[in-house]
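Reader: I would like to understand the labels people put on a model like this one. Could you show me the value behind each label as we go?

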Amino acid sequence: EVGKIWIKITSLGLTESRITADETIQQLFVECRLNNFLAEETPLSLPKPTGGQRIHYNYSTVINVDKEDNPAEREYLKSILLKPDLPADSLKFTVVSDPPEDEQDLECEDVGFAYVNLKEIFQKQRDIIEQDIDVFDSQDASALIGKLTVTVEALNALRSVHEECKNY
């Protein structure tokens with residue numbers, strides 16, 4: 001589908017870190033964001049996985065990037081393909097701690113970030129299917145805190161955007 005990017009957030013596993021040790025972090029959900037346009041989040045927050053287990057979201061969403069209705073998103077995809085100096089982490093996944101029901105004074109807190117590089121999908125001409133991506137600590141970008149399994153099917157959309165670029 002040339003006007004859509006398909007995203008699926010399958011599961012999350014955590015390695016031992018401050019996140020697993022922190023008892024105030026109990027429920028986690030995942031947000032996915034394309035630049036500043038759009039944020040989608042898993043409707044469920046799930047109990048934090050322990051000891052090598054994974055939590056399964058199996059959440060799918062679609063980002064529309066068709067010319068007619070979503071020109072800004074499409075222009076952004078063009079800029080990813082055309083501007084070599086643009087930061088390449090175009091799709092950002094955020095693991096968010098959801099405070100427990102009885103602790104409503106606590107805020108949702110970003111605990112980790114993971115990235116998918118759309119430019120790379122285009123360069124390799126390969127979608128990301130059920131792939132583990134690294135999740136880094138929101139307080140220390142060099143610390144790996146887990147793996148998020150995602151699918152990002154963007155190649156057809158990127159190809160069609162690239163075709164348009166050639167026509168200018």
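Reader: Happy to start with a single residue: why is N58 called partly exposed?

Author: N58 has a relative accessible area of 47%. Buried means under 20%, exposed over 50% and partly exposed in between, using a 1.4 Å probe and protein chains only. The 47% of N58 falls in between, so partly exposed is the label. Before we go on, residues are numbered from 1 along each chain as its sequence is written, and side-chain values use heavy atoms, leaving out hydrogens and water. This is a predicted model, in which local features need pLDDT of at least 70 and side-chain atom pairs count only at pLDDT 80 or more, while totals for chains, interfaces and linings use all residues.

Reader: Where is N58, and what is its phi?

Author: N58 is found in strand β5; strands (E, at least two residues) and helices (H or I, at least four) are DSSP runs numbered from the N terminus. Its phi is near 45°, a positive value in a residue other than glycine.

Reader: What makes Q125 partly exposed?

Author: Its relative accessibility is 34%, and therefore Q125 counts as partly exposed. Q125 lies in the loop between α3 and β8 (128–137), and it has a positive phi of about 55° although it is not a glycine.

Reader: Back in β5, is T61 buried or exposed, and how do you know?

Author: T61 is buried, because its relative accessible area is 10%. Like N58, T61 lies in strand β5, which covers residues 54–64. Leaving aside neighbours within four places in sequence, T61 is in contact (heavy atoms within 4.5 Å) with I5, W6, I7 and E40.

Reader: What makes P99 buried when it lies in a loop?

Author: The label rests on a relative accessible area of 11%, so P99 counts as buried. The loop in question runs between β6 (91–98) and β7 (109–116). Not counting residues up to four places away in sequence, P99 touches Q104, L106, E107 and C108. The C-alpha atoms of P99 and D66 are separated by 36 Å, with their places 33 residues apart along the chain.

Reader: Why is E107 called exposed?

Author: E107 has a relative accessible area of 65%, so it goes into the exposed class. E107 is also in the loop between β6 and β7. Apart from neighbours within four places in sequence, its contacts are S97 and P99.

Reader: And how do you know that S97 is buried?

Author: S97 is at 5% relative accessibility, so it counts as buried. S97 lies in strand β6. Beyond four places in sequence it touches T24, I25, Q27, L28, E107, C108, E109 and V111.

Reader: Why does D69 count as exposed?

Author: D69 has 63% relative accessibility, and so it counts as exposed. Its place is the loop between β5 and α2.

Reader: What makes you say that the charged end of K92 sits over the ring of F113?

Author: The charged end of K92 is 4.4 Å from the centre of the F113 ring. The label requires NZ of Lys or CZ of Arg within 6 Å of the ring centre and within 35 degrees of the ring normal. The 4.4 Å is within the distance cut-off, and the pair is counted as a charge over a ring.

Reader: Now the helices: how do you know that the span of α4 is close to what is expected?

Author: Helix α4 (residues 155–166) has 12 residues and reaches 16 Å from its first C-alpha to its last. The expected span is 1.5 Å times one less than the number of residues, and for α4 that is 16 Å. Its buried residues are L155, A157, L158, S160, V161, E164 and C165. They are covered by elements including β1 (4–14), α2 (71–82), α3 (118–124) and β9 (140–153).

Reader: Why are α2 and α4 called roughly perpendicular?

Author: The two helices pack at an angle of about 75°, with their axes 9 Å apart. Axes are lines fitted to C-alpha atoms, for helices over the stretch in contact, and angles run from 0 to 180 degrees between N-to-C directions. Under 35 degrees counts as roughly parallel, over 145 as roughly antiparallel, 65 to 115 as roughly perpendicular and the rest as oblique, so α2 is roughly perpendicular to α4. The contact involves R74, L77, K78, L81 and L82 of α2, with L158, S160, V161, H162, E164 and C165 of α4.
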